[in-house]
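The two exercises below are meant to be worked with the sequence and the coordinates open side by side. Please attempt each task before reading its solution.

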Amino acid sequence: MKQLLSIIFLLSATISFSQNKPGLKLWYTKPSGKTWENALPIGNGRLGAMVYGNVENETIQLNEHTVWSGSPNRNDNPLALDSLALIRQLIFDGKRKEAERVVNNAIITKKSHGQMFQPVGNLQLVFKGQENYSDYYRELDLERAVAKTSYKVDGITYTREVLASFPDRVIVMRLTASKPGSLSFNAFFNTPQRNAIVKATSAKELTIEGTTKDHETVKGMVKFKAIAKIRLEGGSLTSNDTALVVNGANAATIYISIASNFNNYHDITGDQNKRAAEYLDKAYPKSYAAILPAHIAAYQKYFNRVKLDLGSTDATGLPTDERLRNFKSGNDPQFVTTYFQFGRYLLISASQPGGQAANLQGIWNDKMSPPWDSKYTININAEMNYWPAEKTNLAELNEPFFHMVKDMSVAGQQTARDMYGARGWVAHHNTDIWRATGAIDGANWGAFNASAGWTSQHLWEHYLYSGDKTFLASIYPVLKGAATFYVDYLIEHPKYHYLVVNPDESPENTPKAHQSSALDAGVTMTNQIIFELFSTTINASEILKKDKLFADTLKQMRSRLAPMQIGQYGQLQEWLDDVDDPKDNHRHISHLYGLFPANQISPYRTPELYSAAKTTLTHRGDASTGWSMGWKVNWWARLLDGNHAYKLIKDQLSPVEASGGTRYDRGGGTYNNLFDAHPPFQIDGNFGCTSGIAEMLMQSADGAVHLLPALPDDWQNGSVGGLRARGGFEIVNITWKDGKIVKAIIKSTLGGNLRLRVSNAMKPGTGVSLKAAAGKNSNPFYQVDETPAPLIVNKGLVSPPQLKETLVYDIPTQAGKTYTLVSQ
């Protein structure tokens with residue numbers, strides 16, 4: 001009998017187990033406790049929340065996208081212009097430490113070094129007498145954007161669901177108990193904001209009213225209001241000065257609305273009280289049963305566009321934290337699928353049209369003084385946040401980032417004029433909600449001024465994917481303004497005679513050969529960015545049929561930029577002089593910008609540069625910060641080495657214990673809730689790796705749509721659908737078996753030639769014209785600007801790439817039609 005009961009118990013547990021964990025979910029058998037990096041994120045692009053899933057003392061930590069310290073301000077240094085000639089001469093003379101001192105005084109700001117993204121507060125729920133619980137389970141359902149917690153106390157099952165409603169702009173929490181009359185709890189707000197008042201009102205609402213803090217000479221003037229209101233089914237609701245008390249209810253629904261007075265970066269005259277009340281008043285009459293399907297539909301409009309199947313193993317039956325611990329040494333391809341889709345989930349949740357761009361932590365932060373202020377680091381991190389947007393079919397979510405770039409293109413005109421005597425616009429290595437474009441932190445970070453060129457490239461890329469000429473015309477002034485700055489700012493190098501930026505730096509790297517200073521002139525990354533920016537602006541000018549004389553100026557100046565150089569170790573040089581150290585493991589490998597996100601280095605078009613980039617990447621090694629490993633996944637994918645890219649994914653998906661957030665540590669990885677660990681938490685690593693996984697499966701930056709360009713040995717069978725390529729092509733589906741493509745279905749939204757690169761022979765489906773590719777791709781969205789030939793110290797050190805054989809086909813397409821190919 002005991003054996004029979006044991007078997008029945010195991011069978012019921014297995015059935016329950018399988019019913020609870022289908023699909024794409026993060027799930028756990030333990031609460032978060034006090035660890036923020038264990039909590040689960042929800043968001044709707046305006047509001048963000050971290051759901052702890054604690055039983056007795058639940059915490060819902062709250063953010064609103066415009067709650068930042070400070071107020072409208074500028075941080076330009078007016079001393080820069082008079083000191084520029086001296087700084088340049090010192091750098092050209094090799095006196096970098098002397099130049100540092102002048103830069104720190106004359107270029108680095110004496111005002112704000114950037115404002116801070118800050119928390120609103122926490123909703124706390126206290127459930128007395130529930131310390132002895134069983135059958136605990138919590139999850140984040142990536143397919144529905146709902147967080148759920150369930151457990152049993154005294155035979156009663158308690159369930160909570162939390163979502164950040166996209167259409168209703170509120171956070172909604174549903175609490176139920178399996179036995180009527182069993183739901184009792186106290187609810188109250190608390191907040192780390194010092195200039196805030198927390199109370200329970202006579203209308204039985206919880207409120208936080210506050211003003212953000214002053215920071216670095218800038219007065220805090222963002223006023224915010226949070227309101228929580230509870231709808232009961234049965235039972236009673238009473239209140240005291242600070243809390244709402246629920247007793248004996250069957251179910252309860254909590255509605256949370258948050259708003260601020262922020263209108264835009266120079267206008268904070270909004271009415272936070274009216275806004276918060278309006279959002280709440282519109283949502284509160286709706287039941288959870290009405291809010292849930294509308295929320296899911298709005299979310300799935302984005303999420304369901306891409307499907308990925310890399311196969312699964314028994315590892316899918318384990319909780320997420322256990323899968324994370326086992327991943328590096330185990331076999332769990334479905335965990336990659338989950339992590340990929342988690343990245344898309346985070347972008348949908350953190351970045352919505354009309355909202356603020358996803359910052360260094362997306363839209364989630366519990367600290368009043370977060371690491372690096374949780375602002376926008378635009379020498380890599382903010383750009384990385386948006387790498388997945390176009391290719392993983394989330395193009396609309398670029399809008400907040402595009403809006404930020406447009407804002408900077410206005411704010412940065414004064415910075416260019418006052419600091420450098422130049423036209424156009426400029427931005428340094430950081431910005432914030434107030435669109436500060438001055439130089440911050442110190443010479444070895446803040447002197448970087450290529451962010452205008454880099455961020456502008458995202459706008460051009462959107463055109464390449466969409467073909468939208470109206471959009472291109474609207475953002476052309478941004479491109480032209482960024483290019484105009486360099487027309488005025490470039491200066492001839494007295495030794496090499498190239499046009500260079502000075503002062504310049506390869507972000508944050510301070511080589512010993514340069515007196516441990518980042519300052520230099522004409523670093524490789526900046527040369528690549530300017531080459532790309534000039535080329536983009538020339539191409540846009542020709543498409544729009546305007547500014548021919550300006551485009552001619554850019555062509556002439558582009559021809560005088562330094563070409564890439566291959567140095568004494570066969571490496572791609574990071575600087576004009578050959579001082580790279582093969583033992584340098586710096587997290588920034590900025591001079592590989594030309595490999596990714598740009599397309600100036602190609603295994604097919606520039607084999608010598610391909611070889612040099614591979615040598616550089618090998619020298620730098622794999623271990624690094626979380627975001628750096630995310631970038632490396634993309635680089636190895638562009639080098640067509642799927643196994644090495646997958647090795648980096650395994651390195652990134654290595655568990656890191658939350659320690660309260662020290663600064664830079666080389667032991668990057670992933671927290672239990674799958675947030676990227678720099679450490680501390682930075683969301684860019686999540687987005688970087690999501691982009692890298694997409695790059696392993698499809699690339700379209702090198703003159704063709706390349707299917708499965710970097711497929712690792714561990715992904716021999718699978719399918720993917722919904723990825724987007726340049727020129728308006730959508731990969732409806734690719735199915736592969738034993739590493740070979742079985743079937744490919746591609747939709748053309750713009751028409752034009754589809755040049756397809758594949759690893760095995762294909763034959764056309766019905767009505768498809770397929771021929772071997774010849775000559776230049778006639779599709780204008782696949783025109784690739786020719787990379788200047790590199791300068792090579794010793795050609796004997798440059799090994800020709802060993803590439804797998806591929807076949808390249810051309811397929812003429814018509815807009816709106818779908819094309820099928822099958823393996824021969």
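**Exercise 1.** How many residues line the largest pocket, and which of them lie nearest its centre?

*Solution.* Bear in mind from the start that this is a predicted model.

Step 1. The lining of the largest pocket is made up of 37 residues, and those nearest the centre are Gln457, Trp460, Leu464, Asn599 and Arg726.

Step 2. Two or more lining residues are given by each of helix H9 (387-391), helix H12 (451-466), helix H14 (524-544) and strand E27 (698-699), and H12, with eight residues, supplies the largest share.

Step 3. Sorted by class, the lining holds 17 nonpolar residues, 11 polar ones and nine charged ones, and the space in this pocket comes to about 660 Å³.

**Exercise 2.** Determine which strands pair with strand E6 (residues 134-141), in what sense they run, and how far E6 is covered.

*Solution.*

Step 1. Begin with strand E1 (residues 25-28), which runs antiparallel to E6 and is joined to it by four bridges; within this pairing, Leu26 has Leu140 of E6 as its bridge partner.

Step 2. Turn next to strand E7 (residues 146-153), which pairs with E6 through six bridges, again in the antiparallel sense, and here Ser134 is matched with Lys152 of E7.

Step 3. Examine the connection between E6 and E7, which is a hairpin with four residues between the two strands, where Ala145 in the turn has a positive phi of about 60 degrees.

Step 4. Finally, apply the burial cut-off of under 20% relative accessible area: six of the eight residues of E6 are buried, and the strand is thus mostly covered.

Definitions and conventions:
Residues numbered from 1 in each chain as written. Predicted model: local features only at pLDDT ≥ 70, side-chain atom pairs only at ≥ 80, totals over all residues. Heavy atoms only, no water. Buried < 20%, exposed > 50% of the residue type's maximum accessible area, 1.4 Å probe, protein only. Pairing = 2+ DSSP bridges. 1 Å grid on protein atoms, 1.4 Å probe; cavity = no way out; pocket = protein on both sides within 12 Å on 5 of 7 lines; lining within 4 Å. Points joined across faces, edges and corners; volume = space filled by probe spheres on them. Nonpolar A, V, L, I, M, F, W, Y, C, P; charged D, E, K, R; others polar.
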